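Q: Could you take a close look at how one part of this chain packs against its surroundings? I'd love to hear which residues are tucked away and what covers them.

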Amino acid sequence: MTDAMTDGQPPLLTGDGRDGMMGPYGSRLLHGWYATGGAADLNEHLGRYGPPPSPRSADAVDRLVRAVEDAGLTGRGGAAFPTGRKLRTVAGGRGTAVVVANGMESEPASRKDEMLLDLAPHLVLDGAALAAAAVGADVAHLCLPRTRQDQARALREAVEERQRRGLDTVPVMVHELPHHYVSSEETSLVRWLNGGDARPLATPPRPFEKGVGRRPTLIDNVETLAHLALIARYGHGWFRSAGRPDAAGTTLVTLSGALRTPGVYEVPMGRPIGEVLDVAGGASEPLGSILLGGFFGSWLPVDQALRVPFAKQDLASLGAGPGAGVFVALPARACGLAEAARVLGYLAAQSARQCGPCRLGLPAVAADFADLAWGSPDPRLRERLEARVGLLAGRGACRHPDGVSRFAATALRVFAHDARHHLSLGPCAAAGHEPVLPVPDTVVPDEREWR
């Protein structure tokens, strides 16, 4: 490992490839890092991959989009929507399109996008340029959180160097947005780029219909765009040589918790979760559960989770999804109720406060969970909490209450035994232990901080 654990978050970098960790998938997104142990500047990038394709004719654009469709690339930001279908939809919209590269990564347990932009920025910028060509856009926006000012400065310099060398046909603008949990939602980016707050908008219309400047807008996670850049060079068959037919390619994952070498890794889609954790050296102590997908994700019992393939279709049967590739291995000694209560307190504070579920429902659920984790025994609490959690999903102005509902409901299910103990006897000894999950300070954003 190259980086120690800092502020409760997983390390930013993975092994350098000189210790047997390279494997067959180091030749993809992390090829440069595995080859050199360092970030790639433009000369290194061009020497490794060559200049990006420049699809100028209608036939060339169609071939690019078909390659993405045939590759089976899906979004790596959380929704796992087919990228080729999104390209065609935006390209078929009315008016000149806009491209937005989403590098906000507001999920506290994820580091993959930050790492990718540090190590392989030109793969992301290649992907943004190719996406612009595919949808007929005349501008691309790269959105980052304001907390990463050094990275934003480096990316602006990278964009300027590419412009001097004539690599991109559309301008790329780097923006620094407020760093709140819901500010990475796609409609939050649109609202901010249109001069408003970085808070979600009610839909419809969706951004692909009317987004930035009320124009058709393609919004893709930065990892998705980097994969697109490699598919454009090497083709759909190469991309599908990793993964499985219904879950193609590789993906970046952030592995943390009770693992021997936590960090960011590149793994094939469709591998059992136990094998994914083995990439980080496996468990460092007995595990009790896995949080998959981060703070909007699902808790899974460890004996069930390890055998399940990391693929959308398999996870759906458990009420889970791949999300943004976040895995937190919770040790058996930890109190899952206390871990969940800390997360729910943070998510309640981070809501946009634009609707009843966010203003009233989330704080109520967070308070109930805090009572469940640390309060006095109360047999009636479980019934009240389940009722409140059940009222969240599908009622918000955005999907924030949906994610909170899923997280809370799976916590109640997976930690049911602990809940019975807490409700009858009071908090367990582990409830007061040091947290495992990287929960930021629970602070309600000032109204001015959304802009």
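A: Happy to! Let's start with helix H2 (residues 42–49), where Leu-42, His-45 and Tyr-49 are buried (under 20% relative accessible area, with over 50% being exposed and anything in between partly exposed, for a 1.4 Å probe and protein chains only). This is a predicted model, so local features need pLDDT of at least 70 and side-chain atom pairs count only at pLDDT 80 or more, while totals for chains, interfaces and linings use all residues. Residues are numbered from 1 along each chain as its sequence is written, and side-chain values use heavy atoms, leaving out hydrogens and water.

Those three residues of H2 lie on the same side of the helix, because they cover an arc of only 60 degrees around its axis (taken from the directions from the helix axis to the C-beta atoms). Among the elements covering them are helices H1 (31–36), H6 (121–135), H7 (149–164) and H9 (222–234), where contact means heavy atoms within 4.5 Å. Helices (H or I, at least four residues) and strands (E, at least two) are DSSP runs, numbered from the N terminus.

Now for helix H8 (residues 186–193): six of its eight residues are buried, so H8 is largely enclosed by the rest of the structure. The buried residues are Thr-187, Ser-188, Leu-189, Val-190, Trp-192 and Leu-193. Their cover includes strands E1 (97–102), E2 (137–145), E3 (172–177) and E4 (217–221). Just after H8, you'll find Gly-195 with a positive phi of about 100 degrees.
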